[in-house]
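Visitor: I'd like a quick tour of this one, packing first and then where the chains meet. Can you walk me through it?

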Amino acid sequence: MNIAVCVKQVPDASEVKIDKATGTMVREGVPAILNPFDTYAVEEAICLKEKHGGKVTTVTMGPPQAGDVLKHTVAMGADDVMLISDRAFAGADTWATSYTLGLGLKKLDSLDLVICGKQAIDGDTAQVGPGIAENLGLPFVAYVRKIVDVSNGKMKVERLIEDGYEVVEVSLPAVITVVKEINTPRMPSLKGKMKAKSLEIKPLSAEAIGAEAEKIGLAGSPTKVMKVFSPPPKGNRERIEGTPDEQAARLVEKLKGLKII
Amino acid sequence: MDYFLTDTQAEIQNLARQIAREKVKPVRAELDEKEEFPWEIMKVLAQADLFGLYIPEEYGGFGGGAFENCLAVEELSRVCIGVSVSFAASGLGAYPILLFGSEGQKKKYLPQIASGQRLAAFGLTEAGAGSDAGGTRTTAVLDGNEYVINGTKQWITNGGEAEIYTVIAMTNPAKGSRGASAFIVEKGTPGFSFGKKEKKMGIRSSATRELVFENCRIPKENLLSKEGMGFLVAMKTLDKSRPGIGSQAVGLAQGAIDECVEYARERRQFDQPIISFQAIQHMLADMCTQTEAARALVYAVAKFIDSDPKDVSKASAMAKLFASDVAMKVTVDAVQVMGGYGYMREYPVEKMMRDAKILQIYEGTNQIQRNVIGTAIIKEAAGKKK
């Protein structure tokens, strides 16, 4: 199986602070990591390769230093990487990003499967996975929690839904996003780390992937940010203590007092 | 302190540290409590390529030496030496093959050990033979194309869990220690079974069992080196592996310091953190100084061993002796710094103190290490020209 995994470099969320004046994330001095949800995607791709043979290529769009997360995936066991990097991509929203990643993926030969994490922890949109599928014209399954079977050009998966899961069969090639329930990502291996260390990553420019100027970066992004703000703290809150029975009784009393029930 | 590690050595250290922190630390108390062998962690270490650090690349290893192995052992030991001994004991079982094995034996067994696919173990000690290796009663008798082994090995680390055992048995009991030979025995060989799992004071997640041989027949080609070489095999193996015990000791001592420094900064008495008291600072100062001295010695000895000198017994014994005595003292003091909390199982230092004791006992008691060093001193003095 030839598998591509789309990954993103994100700020380590456990270290992030918000600039109160602008409402945006303070990125300076915050360590950049591989988007945690993407580690499940990489792990699943490596597991599939171990089972069915083939090759795992990890793909990212970002500034040159985003190559670091690609190296992380090589340390885990990815075979090849693709860094799509060009100043022209700056300011891309999920629409332009999906278009750009789609073009990069088209350069890979005979892809059987594209796996993405369910979302990135910085933007939290969960739109790029389905956006890529749309750009490639491939079937898409979101929130996969288990790959049950791969055979005869088809794949059977379980996808997580709010009150359980669905079993879905999809023809390959396809695009899926995975949730953290799917596996436990492995530690990097020493041989992988050494391979990653010596890896030279040559970025692909907008021209190299054949991108149209008006469809990438800020120009290709229909999303307009009107305002970024932290929601104000909620008004008066009261904590009801006691045993569950006592808490319930007091809550009912209060709701009655407020004429809500 | 900066020991000027190469990039590769730093990678090994970082990887082992990451595994220790993410995979070992969260489960160490439970493993100790349940006396459960850390198979999950062994699999992680295997996948991370750490089992083959000291094994040449041609046999599937990483091509490093004792020093690289020590770096990994130290980091694991910083959180749990029950786990690190299970890892390191596979090396103890592999060294006889690496040092004395034929090309065929190396090709057959070392890749399996290097990949962590199978664990190894070393069987020397018996009920009546520990420090006195001449007291070995297990015998191996050649019968046609097979050796027939009879006897019982005691307190074998990784016993029952490992699949490849290097075992010392007498092929010519009349010759005493010169009549011993070393053999490779695989788990599953008819006549080879395991005794009960021992209940220990510390390193309780590690497996310690008897190896029982009852007319166990192994192919003749499983003899390591030649008949009569058994004790040389054992001694050279221990020479190589002792700095590993030193690294366990350094890691354990450092782990205890990590815990009690953090505690001393938070614990308040008389309206101030107890780390502000000179009584505590002096204890911590001694603990850190002794641990750093032990680390410097262990690193120096491991690097010396990797330069492949003729005789390393003295240096190797010094590394094990000094570092393990330091680990015992430092962990006792760590419990003292933490007072009542230190004595409670809720905190990790009581386990560290229980664990530390074995370091002064296994792979040769510290009294035997002093004998080894003493003998070397006499030999060196006698060899000097006046």
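**Cores and contacts**

Visitor: Which residues have the most contacts inside the largest nonpolar core?

Guide: Keep in mind that this is a predicted model. Its largest nonpolar core has 119 residues. The ones with the most contacts inside that core are Phe183(B), Ala249(B), Ala253(B), Val298(B), Ala323(B), Ala327(B) and Ala334(B).

Visitor: And which helix gives this core its largest share?

Guide: That share amounts to 15 residues, and they sit in chain B. The helix spans residues 313-343, and its name is α9.

Visitor: How many residues are in the second, separate core?

Guide: Among its members are Leu34(A), Met61(A), Ala120(A) and Ala196(A). The count for this second core is 65 residues.

Visitor: On to the chain contact: how many residues does each chain put in?

Guide: On the chain A side that touches chain B, the split is four nonpolar, one polar and three charged. As for the totals, chain A gives eight residues and chain B gives twelve residues.

Visitor: How do α5(A) and α1(B) sit relative to each other: roughly parallel, roughly perpendicular or oblique?

Guide: Helix α5 of chain A (residues 190-198) packs on helix α1 of chain B (residues 7-24) with the axes 10 Å apart and an angle of about 135°. Roughly antiparallel would need an angle over 145 degrees, and roughly perpendicular runs from 65 to 115. So α5(A) is, relative to α1(B), oblique.

Visitor: Which residues in α1(B) does α5(A) meet?

Guide: From α5(A) come Leu190(A), Lys193(A) and Met194(A). This helix contact divides into four nonpolar, one polar and two charged residues. The α1(B) partners are Thr8(B), Glu11(B), Ile12(B) and Leu15(B).

Visitor: Is Ile12(B) buried or exposed?

Guide: Ile12(B) is in contact with Leu190(A) from the other chain, and also with Leu53(B), Glu68(B), Leu71(B) and Ala72(B), leaving aside neighbours within four places in sequence. It takes 20 or more other C-beta atoms within 10 Å to qualify as buried. Ile12(B) has 28 of them, so the verdict is buried.

Visitor: Which helices do the buried residues of α3(B) pack against?

Guide: Helix α3 of chain B covers residues 39-47, and its buried residues are Ile41(B), Leu45(B), Ala46(B) and Gln47(B). They pack against two helices of chain B, α1 and α5 (81-100).

Visitor: What phi does Asp49(B) take?

Guide: Asp49(B) comes just after α3(B). Its phi is positive, at about 70°.

Notes: Residues numbered from 1 in each chain as written. Chains lettered and ligands numbered in written order. Predicted model: local features only at pLDDT ≥ 70, side-chain atom pairs only at ≥ 80, totals over all residues. Core = buried A, V, L, I, M, F, W, Y, C linked by C-beta atoms within 7 Å. Buried ≥ 20, exposed ≤ 12 C-beta atoms within 10 Å, placed from the backbone. Helix = DSSP H or I, 4+ residues; strand = E, 2+ residues; numbered from the N terminus. Contact = placed C-beta atoms within 7 Å. Nonpolar A, V, L, I, M, F, W, Y, C, P; charged D, E, K, R; others polar. Axes fitted to C-alpha atoms, helices over the stretch in contact; angles between N-to-C directions. Parallel < 35°, antiparallel > 145°, perpendicular 65-115°, else oblique.
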